[in-house]
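Trainee: Could you take me through one part of this model closely? I would like to look at chain B, at what it touches and how its parts fit together.

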Amino acid sequence: MIKEIRWHGRGGQGSFTGAKLLGIAASINDGRFAQAFPSFGPERRGAPVLGFNRISDTKITDRSEIEKCDSIIFLDETLWNETYLDDLKENALVLINTDKELFSDSRIKTINATGLAIDVLGMPIANTAMLGFLVALSEGVVTYGSCVNALKSALKPSILDKNLILLEKAYQLGKETLK
Amino acid sequence: MSDFAFLSGNEAIAYGVKLSRPHVIAAYPITPQTKAVEKLSSFVQDGELDCKYMHVESEHSAMACSIGSSSVGARTFTATSSQGLLYMSECLPYASGARLPIVMMNANRSIATPWNIYGDQMDSMHVINSGWIQLYVEDAQEALDMVIQSFKLAENHNILTPVMINVDGFVLTHTYEKVEIPLQEEVDNFLPEIQASPHLMSDDNKTSMCISAGNQHYMGFKVKQHRDMFKVFDELKQIDNDFHKAFGRNYGSAVEGYQFEDAEALLITTGSVTGTVRVVVDEMRAEGKKVGVVKLRLLRPFPAGDLVSKISGAKAVGVLDKNISFGYEGTVFTNVNSALFQKGASLKTINFIGGLGGKDITKGNIRQMFQTLQSGEGETVQYSNMGCTL
């Protein structure tokens, strides 16, 4: 089955980099097939932007926009509203980067990824944290080991080690969320 | 062992160019092609590609420089899109008329006004009569592979015609996917150094290129240029077969079909939307519906015989055009109907115009096209997913 994922963020938060890392992990490292594409058009820092993934065991030829998602990831809680629940498939999840706990729908999982990122990286860049959280909470998307390898192949050495720590911390928090 | 990498269509083009070892790249950046030429300039700056990179001041100059370098036998690449293609359009017939084997990537994008940077195929249709071979690719792997094949095709002394590789803007240029990057030595074996044709100039062979020809001779040049274009079908087929032996991938020459043999309703496509149609064909086949898709990889030369042999068994054929020839219909539709008429095939045909200015063509839209073909009802030219009423 094809897995379809959408990332919501603001220009500069690294949402498309998150989608690219996920695509590398699933295709190059897990040996499956993946697409990663941004919301097409001009890019502006601070403006709402999207990233998309398709992941599958077989070659992906679908080039249409993604309508229904298996996971929707919000790097910025101000972009979230409840109408996005309509974009979910069955057994799908919304992952929100927030320090609030005011969400009632059981499909919504939250993590204070910005807080974690500031602790670990010293910067509020939460894309690798959200990737770790996604790995822990989703099934059939990507393996944790492949995400580690994707970061190693794609991130600059100067930011790699701290991002690996951030990935793991968010992954562990995700696993605790499941308990 | 070849490498797998997670590349955008733009990057795949850049890798294809690097592996083809051009002597000269002359280009001006334009959305959505920018990352292709940025990557190429990085390759040159980092010493990974031994090539003269000319960052020119306009697309007109990019083509003028390409004509100059190709005129002395240099393997030459350029890339553009949309308004850039139109700006260089004065130079395009100079290149094709002088029989210069330049290879160009065109990132298919809409044409102003209204200004719009998203993908459709209005730009390449605008220059379909420029004398360039026009190829359309479906994914990033095909984009990379067709750069290598295109140099081999263009430089063949029976062809000596420039090639425009059309890559759908954003949908392909900005989508990352797994791409196999061939080894340099394997590409070197497949694509040897360019063999300069005798009509080119050098220090020892001083000539005048882009000559004038009076009314006694001009027509002869043009008819020879036209007739040589038809040699592309056999040469491309041979190149594709050889490519398959060397790299394990092939693309089926000028026309490629999927589930077309027994199809009652067929859609004819160009470029990336073909992939989405394949998904809908699989879904509808699972429901027992006899539908299929035929992809035109070449629009010039137009593979009329090959196309008609693949579609003539269907009851109804739809042509999905991401362009309009204002005041008539989609350009591919005109060409398909002409091919059917020439070959004596009589079929119900419907033109679906969609995807203009980046408008999404959804799986639901494609399913609707097949249903329209099966019912045979409605206007001859229909507009898909326009998003408003007029």
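Mentor: Happy to; here is a walk through chain B, from its contact with chain A to its domains and the core.

Keep in mind that this is a predicted model. Let's begin where the two chains meet. Chain B puts 22 residues into that contact, and chain A puts in 18 residues. On the chain B side, three elements supply at least two residues each: strand S1 (3–8), strand S8 (176–181) and helix H11 (273–286). Of the residues of chain B that touch chain A, H11(B) brings the largest share, five residues. Sorted by class, this side of chain B holds ten nonpolar, seven polar and five charged residues.

Now stay with S8(B) for a moment. Strand S2 (residues 33–38) of chain A is joined to S8(B) by two bridges, and the strands run antiparallel. If you want a place to set your view, try B:Tyr176 in S8(B), which has A:Ala36 standing opposite.

Next, turn to chain B by itself. Its domain assignment gives domain 1 (3–195 + 211–247) and domain 2 (256–383). The C-alpha centres of these two domains of chain B lie 26 Å apart. Where they touch, domain 1 of chain B contributes 27 residues and domain 2 of chain B contributes 20 residues. On the domain 1 side, two or more residues come from each of helix H6 (122–126), strand S6 (133–136), strand S7 (163–168) and helix H10 (232–247) of chain B. S6(B) gives the most to that side, with four residues. By class, the side of domain 1 that touches domain 2 in chain B has 16 nonpolar, seven polar and four charged residues.

That leads to the nonpolar core. The largest one has 157 residues, and those with the most contacts inside it include A:Ala129 and A:Met130 as well as B:Ile13, B:Ala143, B:Ile165, B:Leu266 and B:Ile268. Helix H7 (residues 140–155) of chain B provides the largest share of this core, nine residues. Both domain 1 and domain 2 of chain B take part, each with at least three residues in this core.

To finish, zoom in on B:Ile268, one of the residues with the most contacts inside the core. Leaving aside residues up to four places away in sequence, B:Ile268 touches B:Val294, B:Leu296, B:Val317, B:Gly318, B:Val319, B:Leu320, B:Val332 and B:Val336.

Definitions and conventions:
Residues numbered from 1 in each chain as written. Chains lettered and ligands numbered in written order. Predicted model: local features only at pLDDT ≥ 70, side-chain atom pairs only at ≥ 80, totals over all residues. Contact = placed C-beta atoms within 7 Å. Nonpolar A, V, L, I, M, F, W, Y, C, P; charged D, E, K, R; others polar. Pairing = 2+ DSSP bridges. Core = buried A, V, L, I, M, F, W, Y, C linked by C-beta atoms within 7 Å. Buried ≥ 20, exposed ≤ 12 C-beta atoms within 10 Å, placed from the backbone. Domains from an automatic or database assignment.
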